[in-house]
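Me: Got a model open here and want to go through some of its packing. Can you take a look with me?
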Amino acid sequence: MPISKTKSLKIDGSTGEGGGQIIRTALSLSMLTGIPIEISNIRAGRSKPGLMRQHLMCVQASQAISDANVSGADLGSSSFSFTPNTIKSGDYTFDIGSAGSTSLVLQTLLPALLFANTNQHSKSTVTIKGGTHNPLAPTTDFLQQAFIPALTKLGMQIDIECLQAGFAPVGGGTIKATITPFLRRANSLPFKIIERGEMMSVELVASVLNLEYDIGTRELASAKAVLVESGIDDTLITTRGHKLLGIGEGNTCYAKVTHKVGETNNNEHCHQEIFTLLGEKRTSAEKMGNRLAGLVKRYLFKTDALVDEYLTDQLLLPLALSGGGEFTARVISQHTETQAWLIKQFLPVEITFDVIDNKKTVVKVTA
């Protein structure tokens, strides 16, 4: 992909939700389209505006895989320019140098490396050191259990391993992703997950890093009790405790809810949603379990959409790049609206949100 001769696309980083997502998506799309970008007013509305360490790593990692020319990208910068060259598949290692989110850095690079070329033998590996379980970012569990399975329905092949867990403030976690370049099959069916069918299972998982194992056991017992009390068949609920490897301390719990789907492709007739929480000091394990159950109940009983808020936001770009699709979403956040706006600055796609009722919205991406 030769360096673009087109003029730079100027992006106001305070648009819409105005967070780091604008940086990450703009970098991904700049690399894929060859369009140079100039981003200003970076995270202008945040308490600490400008590029933080994880955002800077997104820029530096993107520069490394696309041989880009970059200017103005420093810690705290409110603007920078990025001119990509050719995306190169390969083996990469990046160290954020803090507990910043490894997931968000990976999600910046994934689209570019998926579409780097059509040589199915040119797999890439990306190893990223930093935080694996961060507030306000998808955890490694979310990527493994929700995001990647959704991309698999599109025919994308990605494997993510959590080699070591890392929580704030220490970090020290490591993830490794193996990415196979995407080649769309001519006979592939459109991505369509609309109707929520029968619930197949609810899996509750609690993990601790260098803390008492009993914390997770109590979270699981509390969450299961609330769900059973709400009317969910206890034979559908499984629980699993886990000890994480890493430095520092931390606790996380998640629920994986799996439903049958009316229509989808690749003979994948189920959809899984993940709800995650991070343990908090001065918050009891029982309260954490209650909160987790509350997230599950909101999804099960207050909507009949298949896709929850965070996965909705993250599906837009893969769908725009792979031929489109449609799904039902529980809620359309400002994050999602900003993502749709930014994608349309780069790609000739249509993204619509058709509100069916107060319980769901049909999201349609037409590429």
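Reply: Sure. This is a predicted model. Start with two helices: H3 (residues 102-114) and H4 (residues 140-153) pack with their axes 9 Å apart, at an angle of about 45°.

Me: What do you call that arrangement of H3 and H4?
Reply: Oblique. An angle under 35 degrees would count as roughly parallel, and 65 to 115 as roughly perpendicular.

Me: Which residues make the contact?
Reply: From H3, Ser103, Leu106, Gln107 and Leu110. H4 brings Thr140, Leu143 and Phe147.

Me: How do they divide into nonpolar, polar and charged?
Reply: Four nonpolar, three polar, no charged in the contact of H3 with H4.

Me: Now the loop before H4. Where does asparagine 134 lie?
Reply: Between strand S6 (124-130) and H4, in the loop.

Me: Buried or exposed?
Reply: Asparagine 134 is buried. Its relative accessible area is 9%, and the cut-off for buried is under 20%.

Me: What is asparagine 134 in contact with, leaving aside neighbours within four places in sequence?
Reply: Ala99, Gly100, Ser101, Thr139 and Leu278. For alanine 99, the backbone oxygen lies 2.5 Å from a polar atom of the asparagine 134 side chain.

Me: Leucine 278 is in S13, right? What stands opposite leucine 278 there?
Reply: Yes, leucine 278 is in S13, and threonine 252 stands opposite. Strand S12 (residues 250-261) pairs with S13 in the antiparallel sense, over nine bridges.

Me: And why is S13 largely enclosed?
Reply: Seven of the nine residues in S13 (residues 270-278) are buried, so the rest of the structure largely encloses the strand.

How values were computed: Residues numbered from 1 in each chain as written. Predicted model: local features only at pLDDT ≥ 70, side-chain atom pairs only at ≥ 80, totals over all residues. Heavy atoms only, no water. Buried < 20%, exposed > 50% of the residue type's maximum accessible area, 1.4 Å probe, protein only. Helix = DSSP H or I, 4+ residues; strand = E, 2+ residues; numbered from the N terminus. Pairing = 2+ DSSP bridges. Axes fitted to C-alpha atoms, helices over the stretch in contact; angles between N-to-C directions. Parallel < 35°, antiparallel > 145°, perpendicular 65-115°, else oblique. Contact = heavy atoms within 4.5 Å. Nonpolar A, V, L, I, M, F, W, Y, C, P; charged D, E, K, R; others polar. Polar contact = N/O pair within 3.5 Å; in protein donor to acceptor, adjacent residues only side chain to side chain.
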